[in-house]
Amino acid sequence: MKYFQTNESILFGLLVLLCIFLSFYNPQFYSIQNIHSILRSSSTVMIVAFGMTILLTSGEVDLSVGALMSFVTVIVMDVINITGSISLGLIAVFGFCLLIGLINGLVRTVLNVNSLIATLAMMLILQGSVYVYSMAAIYNTHLIPLFSFIGQGFFLNIPMPVVIMLFILPFFVVLLNYTRYGRYFSSIGSNPDAAKLSGINNNRYKVLGFVITSLLVGVSGVILASLMDTGQQGSAKGFELIVIAAVLLGGTSFMGGKGTIIGTILGILILKIIDNGIILMRIPQEFQLIVPGFILILAVYFDGIRKKNSG
Amino acid sequence: MNNILKYLRKGELALFIIFLIVFIIFSFSSEYFFTLRNIMNVSGQLSIILIAAIGFSVLLIAGEVDISIGSLLAFVSLPLIEIMNITGSVPLGIILCLIFGIIIGLINGYLSVYLGVSSLIVTLGMLFILRGAVYLYTGQRAIPDELMSDFFFYIGNGKFMGTIPYAAIIGLVILLIFIFVMRNTSYGRKLYAVGGNQEVARLAGYNIKLLKLSAFVICSFLSSISAIILASRIGSANHVAGDLFEFQVVAAVVLGGVSLAGGIGSLTGAAIGVLILSVISNGLGLLNIDTQWQLVVNGVIIIIAVGFDELKRNR
Amino acid sequence: MVSGKKIVVDINFKELKIESVSKSFPGVQALDNVSMKISAGKVHALMGENGAGKSTLIKILAGAYSKDTGNILFDENKLNIRNPNDSLNYGIKVVYQEISLISEFSVAENIFLDNFPTNSLGVMNWNKLYKDTEELFNRVGFNLNPKSKIADLSISQQQMVEIARAVFKNASVVIMDEPTSSLTPNEIEKLFTVIKNLKQNNIAILYVTHKIDEIFKIADEVTVLRDGQHISNKLISETNEELIIKDMVGRTVNATFERPKDILNAKTVMKVNKISSKNKIKNVSFDLHEGEILGFFGLMGAGRTELAKAVFGYDKITDGQIEVNNNIYKSFNTSTMVNNGIGYITEDRKGEGIVKDMNLRENMSLPSLKIFEDLFIINQKKEKKAADEYIKKFSVKTPSSERLITLLSGGNQQKVLVSRWLIRELKIIILDEPTRGVDIGAKTEVLSLINDLAKQGLSVLLMTSEMNDLLSLSDRILVMADGKISKEFYRGKVTQEEIFKASVN
């Protein structure tokens, strides 16, 4: 029960209430197709959010994840179209993501540019260069079944994106909660001087955080490309804001020092189920933007109040 | 010229030189670039970003941030166009648009300053809420200006004596006013103090909350003026107006040396930042370079400018 | 933007009275029923060790804290201080010890920060601002350019700005919190002239310090606080140094520890060779022997902390080298030093010591997580056991090792930070002001702990400004001034005066 400390338990309660409410309102909510669709669309967000949780915990942020993800869909589709090899496509994607993560990390640590600015600049650079790379959408002309399977397939009746997410999840739960790296990330975010004076090489772990996040974007980008069956600039536009909002809703602090993967997952599920509910209840889809906005502000506000009361 | 240079502080001087270099390169590369007509065009276009950047800088200087300005741009153009269409009165539309802007600023400020939620989160939430509200209201279609008043058309498209765009004049006047306010009034100096060292400002007896709240309102108010000019230029309230606007403004302002940490930077610097990015975008366009390269160039310039600044400071 | 209307005060009061003021924070009674009277035209010294309640009292007078009970009065008129603004309107001005200026502003702007000269529209009158500042400086005898940016000034110049700001006008009470801590003797003389000037203007002065010699030069009266309580109040002519010290500490401080005699013959564990850093340190060399306590003394700004941080790899060295464990390092970081068995305990516990989002156990194990690892996973049982062991050993007051570190008192946090290094194998420990912020009773405890550790073979670099700590523990003393080592002394062959002389140098 260690996970369900105050914040998580409230989020969990909220989630349960949402599910109960929606299932009363529309029994379709519990249909297999609907649950699959919720989980599938949650997975791509979650995978990137694991990395973002680490970054925010260590006091950094990456605004370039959406632009990078769009770029990844283009690269993976194009490279596989040309070479006919999924492995080469993946190598190209992860090589590229590794490079971008390293650049983000080094600009942050070596040039000492605030990560909000550094990754904003990276976002502009990626957004521009993906257009330059290919203005038009790149369609799947290779038609390799395995590639479509990544995003659209099922394993034991579970959508593949969910399987991939569940495969990655334990690493991050363990990493953040049970290894020294998790402690390092959170001490660097909470008190960088204390971390440094404890012999921790802050910059190394910050770069690591950026690299991990970029690589995870690679994973999500490949899934997205497979789901859409295209690679397209702008396909993950605004993704960075959704990821950050979900992580913050999950209880990770923007000021660093406090991060929880479970909270992040709950945050994403809540946002995605609200999305889903809005469709099921035939409420105008525009509320998919409005409601999360309110929830984000409220969640952080109540978190602040609770902290004040507890000490 | 000497007088102008004296006014620019060290950092601003460096920026100004970057600007001159960019300017000269483009002048040689495109014969159309250094023509009165082009320069006037650029000045008209950049005023939309400039005006919002002024408000954004004021808020950053006071130690807070507002990333909802892009959504706000789209949101406040709704009352503007709708009221004009319904009542046939341009002033009424403008007034209502500005009032909406002020109210949003008050809400952002109240939530951040009085309820103590980080302004980044409040305005991130507001970014979603306003954009969603715009989509909801418009059904994701642009609402055209049906009044077609000449006066409204001229705000964004007209030119004084046929040469100087009114938008540029509005931008310049606002810039000069706020440069003066931030430099030479006690109110401006207090905003600097609050952003520079909140504890000191508190001990000096400043009403920090009210000061910050006012900065939020200024930011939203000026962004609403940008919205009016934009709506006039495109002749409608567009549901996707202001998309990525907040990022453009942040980029320009930070390039201009305004610090995200608060209390540091000047409006002159911010204006030069806007100028540099706008001129680059215009020059690249004239050179028939893919417009998307602009984004890349902007990104690289920001990293170099801010990184260089940091390296210098750490030396 | 100054809120509300100005309260008109009758500045012609005879006494500022503090009556039975109490203030408590969670777990601490910071002020317990304290009363005192500060007369107009007199200098009233307030003395006490760290944690005696001086700062709390200052902050209550300044309106930064609200008092729990009690009254503050000008003669018989009760003051209603709800916020800093009220306090300023009553003419109560505080010169804080830590510089509280806007570093991007000019000297003049900082001095008139709470009352910029403007016209009715709020437009700054720069000419008047600079002229008034100039005049003020002439009046108090400071030599500063009103247009200089604060960031470009030295610490002592900044301190002068602080003082000038407090006294510039409408002052009825001026509170000075350790005003001389970063001033040169010459500047101190100037400050005393200013204070005499203030006295003649019938201003009441509360002078907070721990430098006893100063109060005999400047104060008329002295009040001593200890552990939040009022201990004594005497006219300066009725007291002497010993009495004051006795009141402050409650007992005579004279703990001298037995130290092994031949320690300097032990093998060398660290050789620091001509290191310099961007932060002040110039060409510093020394050796450290096994089990030795090497004391570094220096006044504020002499570079003790900077040296400690350069040696530990926190600040990069620009020149020179350090030899530990037969490895020579020219470029290294903190993890290099930690891996070589060196630990560091900061003087800034809150800013650089504790990690506030972590509990006691996690704070304790932070540098040593590797020793608790089974494969890649931290064995929390092992970790908890180690934490419990040190909680018991140092009798840390906490319900469990899982308590959030911020919920512990300062002294207990300090014990956790010491344990942070002791749970791992350590050869050298760097201690920066280890007794700062520790209450008197625990002070001796800390000192004897250091002594015990050294006897077990740990080498200690002790950076301190406490003469008592320095003399009672150090085998050797290196005195620092202006980033350099100015003199070396040996245990038992040195007097306080000699050390002080070397540090002023």
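**Exercise 1. The contact of chain B with chain A**

How many residues does the contact take from chain B and from chain A? Determine also the area buried between chain B and chain A, and the character of the side of chain B that touches chain A.

*Solution.* The structure is a predicted model.

Step 1. Counting residues gives 39 from chain B and 39 from chain A.

Step 2. Chain B and chain A bury about 3,600 Å² between them. Carbon and sulfur atoms account for 85% of this area.

Step 3. Within the area that chain B buries against chain A, 19% is supplied by Phe128(B), Phe247(B) and Ile303(B), more than by any other three residues.

Step 4. The search for salt bridges across this interface returns 0. The number of residue pairs in polar contact, both at pLDDT 80 or more, is likewise 0.

Step 5. Three helices of chain B, namely α6 (119–138), α12 (245–255) and α14 (292–314), each supply at least two residues of the side that touches chain A.

Step 6. Sorting the residues of that side of chain B by class yields 28 nonpolar, 8 polar and 3 charged.

**Exercise 2. The overall form of chain B**

State the secondary-structure content of chain B and assess its compactness against the globule rule.

*Solution.*

Step 1. Chain B has 14 helices and 4 strands.

Step 2. The radius of gyration of chain B is 19 Å, whereas the globule rule gives 20 Å for 315 residues. The two values are close, so chain B is as compact as a globular protein of that length.

Step 3. The C-alpha trace of chain B spans about 60 × 55 × 35 Å along its principal axes.

**Exercise 3. Domain 2 and domain 3 of chain C**

Give the domain assignment of chain C, then describe the contact between domain 2 and domain 3 of that chain.

*Solution.*

Step 1. The assignment gives domain 1 (15–91 + 170–249), domain 2 (266–341 + 426–505) and domain 3 (348–424) of chain C.

Step 2. The C-alpha centres of domain 2 and domain 3 of chain C lie 25 Å apart. Their contact takes 13 residues from domain 2 and 11 residues from domain 3.

Step 3. The area buried between these two domains of chain C is about 940 Å², with 62% of it from carbon and sulfur atoms. On the domain 2 side, Val338(C), Leu426(C) and Leu449(C) lose the most area to domain 3, together 42% of what that side buries.

Step 4. The count of salt bridges between the two domains is 1. Lys309(C) and Glu352(C) meet through their side chains in a salt bridge, at 2.6 Å from N to O.

Step 5. Between domain 2 and domain 3 of chain C, 3 residue pairs are in polar contact, both residues being at pLDDT 80 or more.

Step 6. The elements of chain C that give two or more residues to the domain 2 side are α9 (304–312), α10 (334–339) and α15 (440–455). Helix α15(C) provides the largest share, 3 residues.

Step 7. The residues of this domain 2 side divide into 8 nonpolar, 2 polar and 3 charged.

**Exercise 4. The contact of chain C with chain A**

Characterise the interface of chain C and chain A by residues, buried area and polar pairs, and locate a salt bridge that crosses between the chains.

*Solution.*

Step 1. The contact takes 32 residues from chain C and 22 residues from chain A.

Step 2. About 2,300 Å² is buried between chain C and chain A, 54% of it on carbon and sulfur atoms. In chain C, the residues that lose the most area to chain A are Tyr314(C), Asp357(C) and Leu366(C), together 22% of what that side buries.

Step 3. The rule finds 3 salt bridges across this interface, and 11 residue pairs are in polar contact with both at pLDDT 80 or more.

Step 4. The elements of chain C that each supply at least two residues of the side touching chain A include α12 (360–365), α13 (380–393) and α14 (410–422). The largest share of that side, 4 residues, comes from α11(C).

Step 5. By class, the residues of the side of chain C that touches chain A are 14 nonpolar, 8 polar and 10 charged.

Step 6. Glu373(C) forms a salt bridge with Arg180(A), with the closest N and O atoms 2.7 Å apart. This pair runs from strand β17 (residues 373–374) of chain C to helix α8 (residues 180–190) of chain A.

Notes: Residues are numbered from 1 along each chain as its sequence is written. Chains are lettered from A and ligands numbered from 1 in the order in which they are written. This is a predicted model: local features need pLDDT of at least 70, side-chain atom pairs count only at pLDDT 80 or more; totals for chains, interfaces and linings use all residues. Side-chain values use heavy atoms; hydrogens and water are left out. Contact means heavy atoms within 4.5 Å. Buried area is the accessible area (1.4 Å probe) that two parts lose on being put together, summed over both. A salt bridge is a side-chain nitrogen of Lys or Arg within 4 Å of a carboxyl oxygen of Asp or Glu. A polar contact is a pair of N or O atoms within 3.5 Å; within protein, one must be able to donate a hydrogen and the other to accept it, and residues adjacent in sequence count only if both atoms are side-chain atoms. Ala, Val, Leu, Ile, Met, Phe, Trp, Tyr, Cys and Pro count as nonpolar, Asp, Glu, Lys and Arg as charged, and the others, Gly among them, as polar. Domain bounds come from an automatic or database domain assignment. The radius of gyration is taken over C-alpha atoms; the globule rule is 2.2 Å times the number of residues to the power 0.38.
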